[in-house]
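Dear colleague,

Please find below the sequence and structure that I am handing over to you. A description of what was found follows directly after them.

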Amino acid sequence: MAELHGESRRKGGNQMASRFSWTRTAQAVLALVGTAFGMAAAAEDETPRYSYIAFNYEETETKEGVDPSDSKEFNFGDFKLITLQGSLGITDWLHLSGEYFTGDCSACESVTRVTDTGPPEVTANNISDRDYEGFKIGGGINYQLSRIGLPQADLIFRLHYLEVDLDGVDDDDGYTFDSLLRAQVSDKAEIWVGTEYQELSDVENIDVVIGMGYELWKGLTLTGSGIVFNNASGFDIGVRWYFGESLLDGDSLF
């Protein structure tokens, strides 16, 4: 599966070094996060919740580190996917989480090349959609930032086992590591920002993501998020149901 990723993401490559802190986008994100945390300080008794199920539509140039535009075999195309997500609070600081996604690489171009003599030469193209699916499962810890005056904000670290399969290429597995800040900015609205790191075989990739949610009715929440940094971009929109208060009499089992 290593062919699916750009050389800039090879282990040991120095191109993966983050330019995030130097971009205008970064400044805008940091300003938004600062504003959100300021609002969170005024959101009485509201904290992020970790027991939910979610359904999303996603369009993205990369998914879990797989990037057809960097492949020697798939020169074009991006992903259009449906994702199912779930999370379960175990305690007030520990949760399990997972995701299943399925869809296709739209207009992926399969390329045949001649490499015996001279530079590679394109000899045939076959533009088609290719199935792509995978899952990740794991969990993490959520640490409330009340000690620094932000009781409505959590610092989150999550680790997942990851498995992906793109049609025409062997499947692969690896892991992901997420580090996020989540803040409840009102009794209805929340925001999150952080990094998502993926590793498959000898390839590594990191994205910076930002997202928001707004509760409509009894835990039913509209969500949206996007990749705001890296060689690629993407977004997802969906609905999330926080079921803790309805089914668990709280946000966690214990």
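**The enclosed cavity and its surroundings**

I begin with the inside of the structure, which is a predicted model. The residues that line the largest cavity fall into three classes: seven are nonpolar, 15 are polar and 14 are charged. The lining has 36 residues in total, and Gln85, Glu99, Glu196, Ser225 and Asp236 lie nearest the centre of the cavity. The volume of this cavity is about 630 Å³. How many cavities of 30 Å³ or more does the structure hold? The structure holds one. Which element gives the largest share of the lining of the largest cavity? That share, five residues, comes from strand β1, which covers residues 52-60.

**The chain as a whole**

The chain contains two helices and 10 strands. Read from the N terminus, the order of the elements is α-β-β-β-β-β-β-β-β-β-β-α. The chain has 254 residues, and buried residues account for 44% of them. The surface that the chain exposes comes to about 13000 Å², with 56% of it supplied by carbon and sulfur atoms.

You may also wish to consider how the chain meets itself. Of the contacts between residues at least 6 apart in sequence, 58% join residues at least 24 apart. Two pairs of residues may serve as examples of distances between C-alpha atoms. Val193 belongs to strand β7 (residues 189-200), and its C-alpha atom is separated by 4.3 Å from that of Ile210, a residue 17 positions apart from Val193 along the chain. Val193 counts as buried because its relative accessible area is 13%, which is under the limit of 20%. Asp167, in turn, is found in the loop between β5 (150-166) and β6 (172-184). The C-alpha atoms of Asp167 and Glu133 are separated by 8.9 Å, and these two residues are 34 residues apart along the chain. Is Asp167 buried, partly exposed or exposed? With a relative accessible area of 40%, Asp167 is partly exposed.

**Salt bridges**

Side chains of opposite charge can pair when their charged atoms come close. A search of the whole structure finds seven salt bridges, and I describe some of them here.

Lys63 takes part in a salt bridge with Glu64, where the N to O distance is 4.0 Å. Lys63 and Glu64 are both buried. The side chain of Lys63 also meets that of Glu99 in a salt bridge, with an N to O distance of 2.8 Å. Lys63 lies in the loop between β1 and β2 (78-89), whereas Glu99 lies in strand β3 (residues 94-114), so this pair ties together parts that are 36 residues apart in sequence. Like Lys63, Glu99 is buried. Glu99 has already appeared above, as one of the residues nearest the centre of the largest cavity.

A further salt bridge joins the side chains of Glu190 and Arg182, at 2.6 Å from N to O. Glu190 is buried, with a relative accessible area of 2%, and Arg182 is buried too, with a value of 6%. Elsewhere, salt bridges that share partners link Glu58, Lys63, Glu64, Glu99 and Lys136 into one network.

**The largest pocket**

The volume of the largest pocket is about 430 Å³. The pocket is lined by 23 residues, and Thr47, Pro48, Arg49, Tyr50 and Asp251 are the closest to its centre. By class, three residues of this lining are nonpolar, 10 are polar and 10 are charged. Both β4 (121-145) and α2 (244-248) supply at least two residues of the lining. The largest share, three residues, comes from α2.

**Two residues with positive phi**

Which residues deserve a look at their backbone angles? Lys218 is not a glycine, yet it has a positive phi of about 45°. Lys218 is found in the loop between β8 (203-217) and β9 (220-229), and it is exposed, with a relative accessible area of 59%. Asp249, also a residue other than glycine, has a positive phi near 55°. This residue lies in the segment after α2. Asp249 counts as exposed because its relative accessible area is 76%, which is over the limit of 50%.

With kind regards

Key
Residues numbered from 1 in each chain as written. Predicted model: local features only at pLDDT ≥ 70, side-chain atom pairs only at ≥ 80, totals over all residues. Heavy atoms only, no water. 1 Å grid on protein atoms, 1.4 Å probe; cavity = no way out; pocket = protein on both sides within 12 Å on 5 of 7 lines; lining within 4 Å. Points joined across faces, edges and corners; volume = space filled by probe spheres on them. Helix = DSSP H or I, 4+ residues; strand = E, 2+ residues; numbered from the N terminus. Nonpolar A, V, L, I, M, F, W, Y, C, P; charged D, E, K, R; others polar. Buried < 20%, exposed > 50% of the residue type's maximum accessible area, 1.4 Å probe, protein only. Contact = heavy atoms within 4.5 Å. Areas by Shrake-Rupley, 256 points an atom, 1.4 Å probe, with all protein chains shown as cover.
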